[in-house]
Every structure is written in structure tokens, then in C-alpha cells.
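Work through the exercises below with the sequence and the model open. Try each task before reading its solution.

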Amino acid sequence: HETLPIEPQTYNYARVSPDGTRVAVERMTSGNRDIWILDLNRLTQTQLTEGPTEDILPTWSTDSRRVFFASNRAGTFDVYSQAADGASSAKLEFGGPDFQAPSAPTPDGTRLIVYDRYQDLTVLDLAKPGRLEPILRSEFDERLGEISPDGKWIAYESDESGKEFEIILRSFPNVNERREIVSVNGGRFPRWSRKGGNELYYVAPNGAMM
């Protein structure tokens, strides 16, 4: 790996755009977290969100034009999106009384996987934004759902073992058709390879990229 020659800062939850040209990332701004966009060609950074509230957990739309994120600007964390170039203001995609945050879009860009109530994975139809449809709902914490490039699998992390988070793989959209535990002795932060491949990456407890 190589270090990017950008200013030292606490960068969290960096997500590379599908076209590979930019990174959406959390940065601390005036005591709260905001979303910034890093241009990988120019190595310049632009602040996308601002204000006294928290804007966190960015994820890209499939066409790299918009960034989804969670914000508590209305009191609780809801799902918003905004044009990645900052040309328009934020749009509320889903608002509810509890915590909701974006996880990842489906490959066709029509739906969004949403982390609901710090516990479950749901799906939001972006054309019908009034309701979350459950995908995985249990007494365990299922988070960071990611859909494979071919749209047939969902990978996520779960604490169902009772010890530490593991990476679980299920069929999609019928999550009950097949289930596999991918990691051994712990795993976090699942990510799929770019479109055209179906490789799954995750981080082991010792920090190794698997």
C-alpha cells in the first residue's frame, strides 16, 4: 500500500466511488463529523456537508453521482443523499423515529440497503421512499450489508456467534436460501471487488486484509 500525500487528519469510513476517481470520507469539522470528497487525481478535498449536526457513514450511488449518508439534523439519524459535486442540497431519502443509516445500493441502483435501529438490515426502494422492507431481522446485530456485483449475494458482519463479529454470506434477495460463514475467528468490514468480479474482502481481527 502507499500513503496518499494529503493533509494529516482523522479520516473515517473511507468509501471509493464506483468509477474509482473519488473517495467519500468522514472528517471532524468544528467538533462534529462531516462528509468530505477526496479527488484521487488532483488529491484535493472538498467539504460536502456542513453545519452543527453529525453527517456520517457515506456510501456512493452506483453511478458515482450521489453520496448517501446518515445525519441527525432532524433529531435522529436519517438517510440523506447529496450530489457528489455539491451542486444541490441534501435530499431526505428516509426518515424515522429511530437510527437509520445507508449501507450500500443494489447494483441496479434502484434500492438501498439500510442499517436499521443499530441491529437489522433492511432495504429501501428509492422510488417508494416511505417504507423499509426487512432483509435480516433478529436479536443479533447485523450490519454493513454489501450486495455482490452480480446482485446474487449479500455479505455482512454479525455478532451472532456471541464472541466477535464474523462475516456472513447469504443469497440475495432470498436470504434464507443459502448461508455461509466466510471469516474464521472474526472479521469486519466486508467489501466486494469492482463490477466484473465477485471477490469478497474483509479485515481480520489482527488487521490483515483477507
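**Exercise 1: A serine and its surroundings**

Task: find the side-chain partner of Ser 17, then place Ser 17 in the fold.

Solution. Start with the side chains: Ser 17 makes a polar contact with Asp 19 at 2.6 Å. A polar contact is a pair of N or O atoms within 3.5 Å; within protein, one must be able to donate a hydrogen and the other to accept it, and residues adjacent in sequence count only if both atoms are side-chain atoms. This is a predicted model: local features need pLDDT of at least 70, side-chain atom pairs count only at pLDDT 80 or more, and totals for chains, interfaces and linings use all residues. Numbering runs from 1 along each chain as its sequence is written, and side-chain values use heavy atoms, with hydrogens and water left out.

Next, the location. Ser 17 sits in the loop between β1 and β2 (22–29). Strands (E, at least two residues) are DSSP runs, numbered from the N terminus. Then the burial: Ser 17 counts as buried because its relative accessibility is 3%. Buried means under 20% relative accessible area, exposed over 50%, partly exposed in between (1.4 Å probe, protein chains only).

Last, the neighbours. Leaving out residues up to four places away in sequence, Ser 17 touches Arg 22, Trp 60 and Ser 64. Contact means heavy atoms within 4.5 Å.

**Exercise 2: A hairpin**

Task: describe how β9 pairs with β10.

Solution. Take the strands: β9 covers residues 100–105, and β10 covers residues 111–116. They run antiparallel, joined by five bridges. Two strands pair if DSSP finds at least two bridges between them. One pairing to check is Ala 101 with its bridge partner Tyr 115.

Now the turn. Five residues lie between the strands, and Gly 109 takes a positive phi near 75 degrees there. Finish with burial: six of the six residues of β9 are buried.

**Exercise 3: Two pockets**

Task: which strand gives the most to the lining of the largest pocket? Describe both pockets.

Solution. The largest pocket has a volume of about 1,400 Å³. Of its 38 lining residues, Arg 15, Val 16, Glu 146, Arg 191 and Trp 192 are the closest to the centre. A pocket is an open set of points on a 1 Å grid over the protein atoms alone, where a 1.4 Å probe fits, with protein on both sides within 12 Å along at least five of seven lines; lining residues have an atom within 4 Å of a point. Strand β1 gives the most, with six residues. By class, the lining has 23 nonpolar, ten polar and five charged residues.

The second largest pocket has a volume of about 160 Å³. Its lining divides into four nonpolar, four polar and four charged residues. Among them are Arg 22, Asp 39 and Gly 86. Strands β3 (32–39) and β4 (44–47) each supply at least two lining residues.

**Exercise 4: Backbone exceptions**

Task: where do Leu 43, Arg 117 and Pro 173 lie, and what marks their backbone?

Solution. Recall the rule: most residues other than glycine have a negative phi, and most peptide bonds are trans.

- Leu 43 lies between β3 and β4. Its phi is positive, about 55 degrees. Leu 43 is partly exposed, at 32% relative accessible area.
- Arg 117 lies between β10 and β11 (120–125). Its phi is positive, near 60 degrees. Arg 117 is partly exposed, at 33%.
- Pro 173 lies between β15 (166–171) and β16 (179–181). A cis peptide bond joins Phe 172 to Pro 173, with omega about 10 degrees.

Methods. Helix = DSSP H or I, 4+ residues; strand = E, 2+ residues; numbered from the N terminus. Points joined across faces, edges and corners; volume = space filled by probe spheres on them. Nonpolar A, V, L, I, M, F, W, Y, C, P; charged D, E, K, R; others polar.
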